[in-house]
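Me: I should like to learn how to read the features of a protein model, one at a time. May we go through the structure together?

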Amino acid sequence: MSTAKSQKEKKVTTHVLQEMKSRGEKISMLTAYDFSMARIVDAAGIDVILVGDSASNVMAGHETTLPITLDQMIYHASSVVRAVSRCLVVVDLPFGTYQGNSKEALTSAIRIMKESGGHAVKMEGGDEIIESVERILSAGIPVMGHLGLTPQSIYKFGTYVVRAKEDAEAKKLIEDALALEEAGCFAIVLEKIPFKLAKMVADKVNIPVIGIGAGNGVDGQVLVIHDMLGINNEFSPRFLRRYNDLYLGIKDSVERYITDVKSTDFPNEKEQY
Ligand code: KIV
């Protein structure tokens, strides 16, 4: 087996991500929520799949990430886990399943790990959730932090604009990142913050920092797959790079199928028994 092939097939663990940061190799991460998509994403060689609570928006059509339940996250995550052979699968703890107290947080994290087979959980927040982070980590469950624009707090923020532009919020974000590292998180997602601040955090902490709308000074990037494939064509923030226009591609295919069915062109003689 060639080195390139064995490298591609080596399972990604939290330790592998740490090694990647140490040698300056960028980490690729995308969301996925179902078996078929996860299979393609894993086969392409992604390092991390995030079963994000953005499933609430892109899979279920909710306006925010708040409505998705733990049972629904477990359903999505178990479908993804069945599809992958190489990448690390991180699963979001949904809103309302860890903010109450650390015992409830641990119970939720254990359900994710046991019932979905995911490899790690992600939680939004800093200092205010540290006790829960520590309790989950003490059970041997790897935790990824998430700071900056944390969508589960959208009703507190009131808007999806860039966070931590002011000194006080930037200072708290740095303190929170250091606290998450100190607690034992294996990585941190930074969402929609100024790139200089994101780079400062990535330089200060020893664990990998994955950005979304946080510039290129961090250790890796994450995007929502429906946005980067152009399936969702109604969301165009500055940080998003579109790699396809599947909205148009799928719509065009469906239109051609309808035309073929209506005209009796499909199925033809070769397509029947
Ligand atoms: O749920 C999600 O997709 C996320 C990413 C935006 C980081 O948390």
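Me: In which loop is Ala164 found?

Reply: This is a predicted model. Ala164 is found in the loop between α8 (154-157) and α9 (167-183). Its backbone deserves attention, for Ala164 has a positive phi of about 60 degrees although it is not a glycine.

Me: Is Ala164 buried or exposed?

Reply: One reads this from relative accessibility, where under 20% means buried and over 50% means exposed. Ala164 has 4% relative accessibility, so it counts as buried.

Me: Where does Thr264 lie, and what is its phi?

Reply: Thr264 lies in the segment after α12. Its phi is positive, about 65 degrees, and Thr264 is not a glycine. With 64% relative accessibility, Thr264 counts as exposed.

Me: Which peptide bond is cis, with omega near -5 degrees?

Reply: The bond from Phe266 to Pro267 is cis. Pro267 lies in the segment after α12 (246-262).

Me: I should like to turn to strands. Which way do the residues of β6 point?

Reply: The general idea is that in a regular strand the side chains alternate between the two faces of the sheet. In this structure, Ala187, Val189 and Glu191 point one way from β6, while Ile188 and Leu190 point the other way.

Me: Why is β6 described as largely enclosed by the rest of the structure?

Reply: The reasoning rests on burial: 5 of the 5 residues of β6 (residues 187-191) are buried, so the strand is largely enclosed by the rest of the structure. The residues pointing either way from β6 are all buried.

Me: Which strands pair with β6, and in which sense?

Reply: To read a pairing, one looks at the partner strand, the sense and the bridges. Strand β5 (residues 143-148) pairs with β6 in the parallel sense over 5 bridges. In this pairing, His146 has Val189 of β6 as its bridge partner. Strand β7 (residues 209-212) also pairs with β6 in the parallel sense, over 4 bridges. There, Val189 stands opposite Ile210 in β7.

Me: Through which helix does the chain cross from β6 to β7?

Reply: The chain crosses through helix α10 (residues 195-204), and this β-α-β crossover is right-handed.

Me: Which residues surround the ligand?

Reply: One lists the residues that have a heavy atom within 4 Å of the ligand. Here they are Thr31, Leu50, Gly52, Asp53, Ser54, Asp92, Lys122, His146, Val189, Glu191, Ile212 and Val224. This shell divides into 4 nonpolar, 4 polar and 4 charged residues. Val189 and Glu191, which point one way from β6, are among the residues around the ligand.

Me: Which side chains have a polar atom at a stated distance from an oxygen atom of the ligand?

Reply: Here one reads distances between atoms. A polar side-chain atom of Asp53 lies 3.0 Å from a ligand oxygen atom. For Ser54, the distance from a polar side-chain atom to an oxygen atom of the ligand is 2.5 Å. In the side chain of Lys122, an N or O atom is 2.9 Å from an oxygen atom of the ligand. The protein covers 95% of the 260 Å² of accessible area that the ligand has on its own.

Me: Finally, where does His119 lie, and how far is it from Ala198?

Reply: His119 lies in the loop between α6 (102-116) and β4 (120-124). At 30% relative accessibility, His119 counts as partly exposed. Separation may be read along the sequence or in space: His119 and Ala198 are 79 residues apart in sequence and 26 Å apart in space, C-alpha to C-alpha.

Key. Residues numbered from 1 in each chain as written. Predicted model: local features only at pLDDT ≥ 70, side-chain atom pairs only at ≥ 80, totals over all residues. Heavy atoms only, no water. Buried < 20%, exposed > 50% of the residue type's maximum accessible area, 1.4 Å probe, protein only. Helix = DSSP H or I, 4+ residues; strand = E, 2+ residues; numbered from the N terminus. Pairing = 2+ DSSP bridges. Right-handed = clockwise from strand over helix to strand, strands pointing away. Polar contact = N/O pair within 3.5 Å; in protein donor to acceptor, adjacent residues only side chain to side chain. Areas by Shrake-Rupley, 256 points an atom, 1.4 Å probe, with all protein chains shown as cover. Nonpolar A, V, L, I, M, F, W, Y, C, P; charged D, E, K, R; others polar.
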